[in-house]
Amino acid sequence: MPLPSDFLASLQYLQPEQILGVLQAEDRPTGSQCWTITNEIKPVDLYCYLAARFGPPNGIQNWLRQNHSDNLVHWNWMFRYGPGLVDIQGTNYRTDVWLIGPFELESDDCEDFVRHVKADFAAFGAEMAKCRKSLEHWIEFVNPYQRLRRSVSKLAEELRSLQLDQLGELPNILDQQDRESALRRWDDAVSRCTRGFGLCFGIRSMLPIMAEAFVNLILFVLMRPELKADSRLKENAFKQNIDIRVKSLSINCTGFKQTIDYSNQVCGRYHSVVNERNDLLHGNVDPKKLQFNEVYFHGTVPVFKEYRSMWQRSLGIERQAVGVDKVFEELAVIDDFIAYVLSCLDDKVRPKIEYMLGRLELGLNTRDERLGVLFSEHLVDSKAGPATGEKV
């Protein structure tokens, strides 16, 4: 049989002592079924509807939740329905509607419930709008610095696992008695180097971008209110060349106890990495920087200044070109630069910035542009179970 048309009208909002009385009674309802609702009703719409129609959340899970956003169940309403209970729980990934007691339901009853709730929105539109207005609206966004930091860390870990630093120059195959073994060593070296050179190129390309994302995040979080309020000034602050952005941080931002000295050797090394990256990424042609050999010609006859081995003429050239021996040194340069900028922050501000830098997901309040960390990075999914405490 379809869900009764008076299902919603028959729901009785219970006070905490009434809920305890029902659950502690000898004839308390037993047995349970669960409807799962994802976005058939938007959770914010359902929350505002229940609050507008019945009042604040009154369920047991609402009593148990901690006063933060790291809970399995965020909100919970419980109602009496005839001899049974209806327990509605808002979780991280869905809304669970537990029906506890002697319910006779069919497979499409959940769809009927959704339709009934949506149809009832109009009757409580003003109250729902008032409830929604009382909510703080936040957006979640990806921290670009941490996204790059994690990518660089994973690539660096994979590069280390290839142990290219332990891969010495291999002799020419024709000079070896066991040529098959020598060929296998060359095949292994080519495979490792090909992968390693690609990883190295990726890391070296991303390192200055990661540092720039760090600077931009500092600027975004700590920008002075008068600059943030003026869209042109705000845009201009982000469009400056990276060295100007760094030098101006203590001018454009609050929270600095000292100015950033760009003549500091830490900043000088960082600037060199930026220039190296530009040559690498943009394919700049500078023969002196790209040189790997010298040769003379007598007509069409090449006369080498000195011989290079097959290793030096093949994998050695690529190794030098992508900077395998520089990559971890450059990573350390970027880390030193970040540490230096952080050291210029006020001692009260620095821990908050470091915490934010370490998080992949951040939140922005759309009303006053406050930044925050909204949720734990641990993704957990579970069903809390019905209010009776029965196993499910």
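Start by selecting aspartate 120, which counts as buried at 17% relative accessibility (buried means under 20% relative accessible area, exposed over 50%, partly exposed in between, with a 1.4 Å probe and protein chains only). You are looking at a predicted model, where local features need pLDDT of at least 70, side-chain atom pairs count only at pLDDT 80 or more, and totals for chains, interfaces and linings use all residues. Residues are numbered from 1 along each chain as its sequence is written, and side-chain values use heavy atoms, leaving out hydrogens and water.

Now add arginine 53, whose side chain meets that of aspartate 120 in a salt bridge at 2.4 Å, N to O (a side-chain nitrogen of Lys or Arg within 4 Å of a carboxyl oxygen of Asp or Glu). Arginine 53 lies in helix 2 and aspartate 120 in helix 4, so the pair ties together parts 67 residues apart in sequence (helices are DSSP runs of H or I with at least four residues, strands are runs of E with at least two, and both are numbered from the N terminus). Arginine 53 is partly exposed, at 24%.

Stay with helix 2 and pick aspartate 45, which pairs with arginine 132, the closest N and O atoms being 2.3 Å apart. Because arginine 132 sits in helix 5 (residues 125–134) and aspartate 45 in helix 2 (residues 43–54), this bridge ties together parts 87 residues apart in sequence. Aspartate 45 is buried at 17%, whereas arginine 132 is partly exposed at 39%.

Next stop: arginine 370 and aspartate 368, a salt bridge with its closest N and O atoms 2.7 Å apart. Shared partners join Glu136, Asp368 and Arg370 into one network.
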